[in-house]
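Please take a moment to look over the sequence and the fold shown below before reading on. The paragraphs after it are meant for someone meeting this structure for the first time.

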Amino acid sequence: RITPKHDRAGKGVYAFAGLTNQDDTMSRPAAAIAAGFGIVGTGEVESLDLVTLDTEPSVVGHIKANQWYNAWVVADMAAHVYDLYIAPATGPGGAAALPRSSDKIVMHQPFRYAVSKPLHGAMFMCPTTDTATQYFQIDEIHWDGNLINAQ
């Protein structure tokens, strides 16, 4: 979830999450994410845009500030594409649940860059600058390298 910081009211929200196979992510922070999503908006609005991580990002959905969400990035390594699933959650914790087909908001999105080895890491970023940011809270991570078909 994205939680507004009261001392940063009026600042923008720039958060990024996804999968990477880059070993040196510090020199290419958000650009190191091959498959994932971004969250952008202003700190004063409840609705934040979910965007692709392309050079020219596309808005693919919206989330609300202070709401927990389940997010799944399901990568197809052979095709170099991924699907993105987002669904509201009742709160943090609990067992990981597979996404439902109705949770899919992005289908067959090309990886941000060509990959030659499997995705082996995750990144969650909320860069702090003079013009941003809010809190990006992560409760738990579930990694399933064998998930092929979401139900």
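What follows goes from confidence to sheets, then to the nonpolar cores, and ends with a single residue.

The model is a predicted one, and it is sensible to begin with how confident the predictor was. Over the protein chain the mean pLDDT is 79, with 80% of the residues reaching 70 or more. Among the elements of the chain, strand β8, residues 104-110, has the highest mean pLDDT, at 93, while strand β10, residues 135-136, has the lowest, at 72.

The sheets come next. Strands of a sheet pair through backbone hydrogen bonds, either parallel or antiparallel. In this model, five strands form an open sheet in the order β5-β4-β3-β2-β9, and their pairing is antiparallel. At its edges are β5, covering 59-64, and β9, covering 121-125, each of which pairs on one side only. On average, and with direction ignored, neighbouring strands of this sheet are turned by 20 degrees against each other.

Walking through this sheet from β2, one finds that β2 and β3 run antiparallel and are joined by eight bridges, and that Val13 has Gly41 in β3 as its bridge partner. From β3 the path leads to β4 through an antiparallel pairing over three bridges, where Ile39 is partnered by Leu50 of β4. The pairing of β4 with β5, again in the antiparallel sense, extends over five bridges, and here the bridge partner of Ser47 is Lys64 in β5.

A further open sheet has three strands in the order β6-β7-β8, with antiparallel pairing. Its edge strands are β6, residues 69-76, and β8, since each of them pairs on one side only. The twist from one strand to the next averages 15 degrees. Four bridges hold the antiparallel pair of β7 and β8, and in β8 the bridge partner of Leu84 is Val106.

Which residues make up the largest nonpolar core? This core has twelve residues, namely Ile2, Val13, Ala15, Ala17, Phe37, Ile39, Leu48, Leu50, Ile63, Leu84, Ile86 and Val106. At least two of its residues come from each of β2 (12-20), β3 (35-42), β4 (47-51) and β7 (81-88), and the largest share, three residues, is supplied by β2. Several names met in the sheets return here, including Val13, Ile39, Leu50, Leu84 and Val106. Leu48 offers a view from within this core: leaving out residues up to four places away in sequence, Leu48 touches Ile2, Val13, Ile39, Val40, Gly41, Thr42, Gly61, His62, Ile63 and Ala65. There is also a second, separate core of eight residues, among them Leu19, Ala34, Ala35 and Phe111.

The last stop is Asn21, which is found in the loop between β2 and β3. Is Asn21 buried or exposed? Asn21 counts as buried because its relative accessibility is 5%, and the cut-off for that term is under 20%. The side chain of Asn21 makes a polar contact with the side chain of Tyr113, at 3.3 Å, and a polar atom of the Asn21 side chain lies 3.0 Å from the backbone oxygen of Lys117. With neighbours within four places in sequence left aside, Asn21 is in contact with Tyr113, Val115, Ser116, Lys117, Pro118, Leu119 and His120.

How values were computed:
Residues are numbered from 1 along each chain as its sequence is written. Side-chain values use heavy atoms; hydrogens and water are left out. A nonpolar core is a set of buried Ala, Val, Leu, Ile, Met, Phe, Trp, Tyr and Cys residues joined through side-chain atoms within 4.5 Å. Buried means under 20% relative accessible area, exposed over 50%, partly exposed in between (1.4 Å probe, protein chains only). Contact means heavy atoms within 4.5 Å. Two strands pair if DSSP finds at least two bridges between them. pLDDT is the predictor's confidence in each residue, from 0 to 100. Axes are lines fitted to C-alpha atoms, for helices over the stretch in contact, and angles run from 0 to 180 degrees between N-to-C directions. A polar contact is a pair of N or O atoms within 3.5 Å; within protein, one must be able to donate a hydrogen and the other to accept it, and residues adjacent in sequence count only if both atoms are side-chain atoms.
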